[in-house]
Amino acid sequence: MSGKRLTRKEFVVGGALTALSAGLPTSGNAQSSVNNKKVDAAEITLADLEASNRIAGVDLSDDDRKSVLDDVKRYRGNYNELRKQLITNAVSPPLIFTPLGGGSLAKAPVRIFTSEISTPKISALSEEDIAFLTVRELGLLLRSRQISSVALTHLYLNRLKKYGDRLLCVITLTEERALREAERADKELARGKDRGPLHGIPYGIKDLFAAHGYPTTWGAGPFEHQVFDYDSAVVTKLGEAGAVLCAKLSMGALAQDDVWFKGRTHNPWNSTQGSSGSSAGSACTMAAGLVAFTIGTETLGSIVSPSVRCRVTGLRPTFGRVSRFGAMELSWSMDKVGPICRDVEDTAMVLAAICGRDPRDPSSVSRPFAYVPRKNLKGLKVGVLTDPAKPNERGPLYSMLEKLGATVRPLTFSPVDYGIYNILNVDCGSSFDEFTRSGKVRELKNSDWPQTFRAARFIPAVEYLQAQRYRTLLMHQFDQEFGDLNAFVAPDGADGTLVQTNYTGHPQLVIPQAPDEKNESHSISIVGRLYDEGTILAIG
């Protein structure tokens with residue numbers, strides 16, 4: 001068909017095939033069960049197919065449409081049969097995304113060597129000072145018996161109670177569990193059982209991870225009272241490392257932006273701003289000194305963006321590094337789990353504790369992870385992301401890296417075709433299919449998701465797979481343009497490559513810098529090779 005603009009009537013008719021086949025409610029006030037009866041009774045016509053072809057940009061003749069009409073009617077019956085199955089958000093498709101050269105390895109050692117620091121003297125520290133110490137410093141206080149895990153946990157719980165509501169960064173305190181885990185940590189450390197650098201350290205986690213017996217709200221009003229009877233993989237691993245879970249932290253509703261069912265999470269540096277999202281509470285809580293470290297997730301900027309805004313250190317690991325079992329799924333081939341901390345070495349210690357293969361998450365992998373601090377960057381080849389319009393421009397990042405001994409060169413990447421967004425749109429539409437068809441999506445307030453979930457029904461399956469095939473080309477193109485570099489650096493969130501690296505699965509580290517003269521937050525981002533977080537952490 002030609003590219004003529006559709007009238008409103010034509011659009012409604014054109015959407016009929018997709019809406020009817022999807023079982024979407026056609027009336028904003030009707031109950032979904034009534035709508036489904038209407039859907040089942042409605043006859044699919046050749047006019048529906050013609051309008052649907054126009055929406056999809058496909059040119060079929062009348063004879064072509066007549067030949068497939070019976071098939072399309074049969075497909076709708078198939079859809080209805082499938083909808084009788086219970087397919088929850090936790091069920092992933094058997095289609096596993098693997099970054100270039102990815103997959104599990106038989107041997108995957110994890111080694112961490114941190115730089116030497118002196119043990120703090122608690123007599124010289126106020127409670128406020130203690131709250132902002134790094135994980136390493138707190139670990140030294142615990143092991144020198146200057147503070148107990150119980151006392152440290154009380155300190156952070158008090159801060160969570162004092163500032164959580166003011167910043168709107170806490171959804172649920174897990175106080176009873178926290179004190180139980182802190183008491184266990186103190187007993188174990190007293191008898192010489194040391195589970196590692198996170199033993200006895202209080203933390204908070206984004207409220208899309210299940211924690212046994214506590215609400216897991218996904219930041220959305222319709223799920224405010226949702227409770228799971230198991231722990232997510234990350235909560236389990238951190239428990240095995242001796243960490244102390246103090247709070248479920250705010251997130252933009254269903255992992256978008258920084259607005260949840262009680263309001264907008266604030267940036268502690270500027271309360272007139274939101275904290276950005278969707279790992280809003282994880283970054284805000286970290287910046288405000290309410291726990292020692294936090295866990296966030298990223299699909300398309302949800303660790304990077306709030307880390308920049310809240311001036312904290314965030315690490316988005318390579319896709320598949322960390323199991324997502326027990327976490328809300330938005331996109332099976334894009335969701336990633338990572339730490340948000342006070343400094344780089346803290347993120348290394350947390351990643352070491354949570355990484356690894358989990359058979360409950362088919363995308364998770366076992367790969368070696370090693371962090372060794374460096375005194376300089378000699379022997380490393382590092383790119384500096386530049387403006388394509390000014391490819392030869394040299395700035396302070398370039399000079400800084402050269403002074404540290406790296407071989408530095410400017411770098412640009414080809415722009416991405418934004419048709420690749422079809423992948424995320426369809427994935428999230430599928431993740432919340434029943435939620436949308438049932439009409440419960442109308443209960444989701446102050447969110448763009450309802451529109452996105454509904455619009456996803458109009459993306460043909462063929463176009464979704466074409467976007468996935470383009471993704472394969474993008475991965476090879478990005479790898480070729482990355483060349484022989486070990487990493488590249490860029491201002492703030494590396495916006496010029498944020499889309500590419502989230503679709504290719506590359507790791508990214510965000511390090512806060514001094515604010516500008518307007519007190520706006522700024523950071524440096526370092527993007528590394530797949531499965532090579534150790535190098536970007538060393539550069540950081």
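**Exercise 1. Decide whether D343 is buried or exposed in this predicted model.**

Step 1. Take the value for D343: its relative accessibility is 18%.
Step 2. Recall the cut-off: buried means under 20% relative accessible area.
Step 3. Conclude that D343 counts as buried.

**Exercise 2. Find the salt-bridge partner of D343 and say which parts the pair ties together.**

Step 1. Look at the side chain of D343. It meets the side chain of R136 in a salt bridge, at 3.1 Å from N to O.
Step 2. Place both residues. D343 sits in the loop between β11 (336-341) and α12, while R136 belongs to helix α6, so the salt bridge ties together parts 207 residues apart in sequence.
Step 3. Check R136 itself. Its relative accessible area is 15%, so R136 is buried.
Step 4. Widen the view. R136, D343 and E345 are linked in a network of salt bridges.

**Exercise 3. Describe helix α6: which residues are buried, and what covers them?**

Step 1. Locate the helix. α6 spans residues 135-143.
Step 2. List its buried residues: V135, R136, L138, G139, L141 and L142.
Step 3. Look at the cover. It includes α5 (127-131), α7 (149-167), β9 (293-298) and α12 (344-354).
Step 4. Move just past the helix. There R145 takes a positive phi of about 60°.

**Exercise 4. Explain what the salt bridge between R159 and E128 ties together.**

Step 1. Start with the general idea. Side chains of opposite charge can pair when their charged atoms come close.
Step 2. Read the distance. The side chains of R159 and E128 meet at 2.8 Å, N to O.
Step 3. Place the partners. R159 is in helix α7 and E128 is in helix α5, so the pair ties together parts 31 residues apart in sequence.
Step 4. Compare their surroundings. R159 counts as buried, at 9% relative accessibility. E128 counts as partly exposed, at 40%.

**Exercise 5. Work out where R409 and D484 lie and how they are joined.**

Step 1. Find the join. R409 forms a salt bridge with D484, and the closest N and O atoms are 2.5 Å apart.
Step 2. Place R409 in strand β14 (residues 407-411). Place D484 in the loop between α17 (461-482) and β15 (487-491).
Step 3. Note the separation. The pair links distant parts of the chain, 75 residues apart.
Step 4. Check accessibility. R409 is partly exposed at 34%. D484 is partly exposed at 42%.

**Exercise 6. How many salt bridges does a search of the whole structure find?**

Solution. The search finds 26 salt bridges.

Methods: Residues numbered from 1 in each chain as written. Predicted model: local features only at pLDDT ≥ 70, side-chain atom pairs only at ≥ 80, totals over all residues. Heavy atoms only, no water. Buried < 20%, exposed > 50% of the residue type's maximum accessible area, 1.4 Å probe, protein only. Helix = DSSP H or I, 4+ residues; strand = E, 2+ residues; numbered from the N terminus. Contact = heavy atoms within 4.5 Å. Salt bridge = Lys/Arg side-chain N within 4 Å of Asp/Glu carboxyl O.
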